[in-house]
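Colleague: Could you take me through the disulfides of this model, one at a time, and show me where they sit in the rest of the fold? I am in my first year, so please explain the terms as you go.

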Amino acid sequence: MEKWLMFAVSLTLVLDQVNCRRVTKAQILGFEWKNCGKPDDPAVLKALALSPDPITIPGELTASASGATSVELATPLSVTVTMEKEVAGFWVKIPCVEEIGSCHYPDICDILSQLIPPGQDCPEPLHTYGLPCHCPFKAGSYSLPESDFSLPHVELPSWLTNGDYSVRGVLGSGGEELACLEVALSLHSD
C-alpha cells in the first residue's frame, strides 16, 4: 500500500510541474541549516544568520555568514542538489526541471562566470568586504558581516510552492566531496 501511495504522490508532483502558473510572491519560514559532510571535509560553513522570519520575496533580507576552506576551490567545482518536499507525511524527491530541483551542476565556476563576467567587480556587499565571487576561491576563512540585500521579484514554478522542503547540496571536485550543507525551510506563496 505504501508503494502505491508514494507512486501517487510522485505522479501528483510530476503532473503539477506541467502547470504553467508562476508564483510571484512568496515567504520563507523556519529556515534552518547544518553541515552534513564528513568531519574531514575541507570546506565548512561556520555560521549563517538570515532575517526577518519569514523572509518575503520580493523584499529585504539581512544576512551574515562565515566559513572556511583548507583547500583552493577551483574549476571544475560541481554541486549536486537533492531537494525533497513533504507530501502527506512522506518526503518526496523533486526531479530536476528547468535547472530547479534535484539537479547536478557540473561546474558552478562556469555558472558564476555567466552571472558575473570575469573582470567585472563582485556585487555589493561582497566587493566592499573583499569577498570573491569567481573561481578559484583561495584556501582560508571568509566572513560576511551583517549585510542588507534586496530580494528581487522571481517567478517560481507552481510546483515549488506551499510546503516544507529539505535541500541538500554537496560540493565536489575530481570525485571528492569538499563540503555538504543541508537546509530546511517552509515556503508559502500567494
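Modeller: Let's start with the link of C36 and C180. The torsion about their S-S bond is about -85 degrees, so this disulfide is left-handed. A disulfide here is a pair of cysteine sulfur atoms within 2.5 Å, and for C36 and C180 the S to S distance is 1.9 Å. The two cysteines come from distant parts of the chain, 144 residues apart: C36 is in the loop between β2 (26–35) and β3 (43–51), while C180 is in strand β12 (residues 176–189). Strands (E, at least two residues) and helices (H or I, at least four) are DSSP runs, numbered from the N terminus. Both C36 and C180 are buried; that word means under 20% relative accessible area, with exposed meaning over 50% and partly exposed in between, using a 1.4 Å probe and protein chains only.

A word on what you are looking at: this is a predicted model, in which local features need pLDDT of at least 70 and side-chain atom pairs count only at pLDDT 80 or more, whereas totals for chains, interfaces and linings use all residues. Residues are numbered from 1 along each chain as its sequence is written, and side-chain values use heavy atoms, leaving out hydrogens and water.

Next comes the link between C96 and C103, with an S to S distance of 2.0 Å. Its angle about the S-S bond is 100 degrees, and this link is right-handed. Its two ends are covered to unlike degrees: C96 counts as partly exposed because its relative accessibility is 38%, whereas C103, at 3%, is buried.

Now look at C109 and C135, whose sulfur atoms are 2.0 Å apart in another disulfide. This link is left-handed, with -80 degrees about the S-S bond. C109 lies in helix α2 (residues 108–115) and C135 in the loop between α2 and β9 (140–151), so the bond ties together parts that are 26 residues apart in sequence. C109 has a relative accessible area of 4% and is therefore buried; C135 has 22%, so it is partly exposed.

How many disulfides does the structure hold? There are four. If you number the bonded cysteines of the protein chain in sequence order, they pair as 1-8, 2-3, 4-7, 5-6.

What do these links sit in? The protein chain has two helices and 12 strands, and from the N terminus on its elements run α-β-β-β-β-β-β-β-β-α-β-β-β-β. Of its 190 residues, 32% are buried.

Strand β12, where C180 is found, also takes part in a nonpolar core. Such a core is a set of buried Ala, Val, Leu, Ile, Met, Phe, Trp, Tyr and Cys residues joined through side-chain atoms within 4.5 Å. The largest one has 13 residues, and those with the most contacts inside it include I28, L185 and L187. Both β4 (55–57) and β12 supply at least two of its residues, and β12 gives the largest share, three residues. Leaving aside residues up to four places away in sequence, I28 touches several others, among them P54, I57, L185 and L187. Apart from this core lies another, of 12 residues, and here you meet two of our cysteines again: C103 and C109 are among its members, as are A43 and L171.

Strand β3, which follows the loop holding C36, belongs to an open sheet of three strands in the order β3-β5-β9, paired antiparallel. Two strands pair if DSSP finds at least two bridges between them; β3 and strand β5 (residues 59–69) have eight. In that pairing, A47 stands opposite S66 in β5. The edge strands, each pairing on one side only, are β3 and β9.

Finally, visit the loop between β7 (90–93) and β8 (104–105), where E98 is found. Most residues other than glycine have a negative phi. E98 has a positive phi of about 55 degrees although it is not a glycine, and E99, in the loop between β7 and β8 too, has a positive phi near 65 degrees. E98 counts as exposed because its relative accessibility is 58%, and E99 is exposed as well, at 52%.

Definitions and conventions: Contact = heavy atoms within 4.5 Å.
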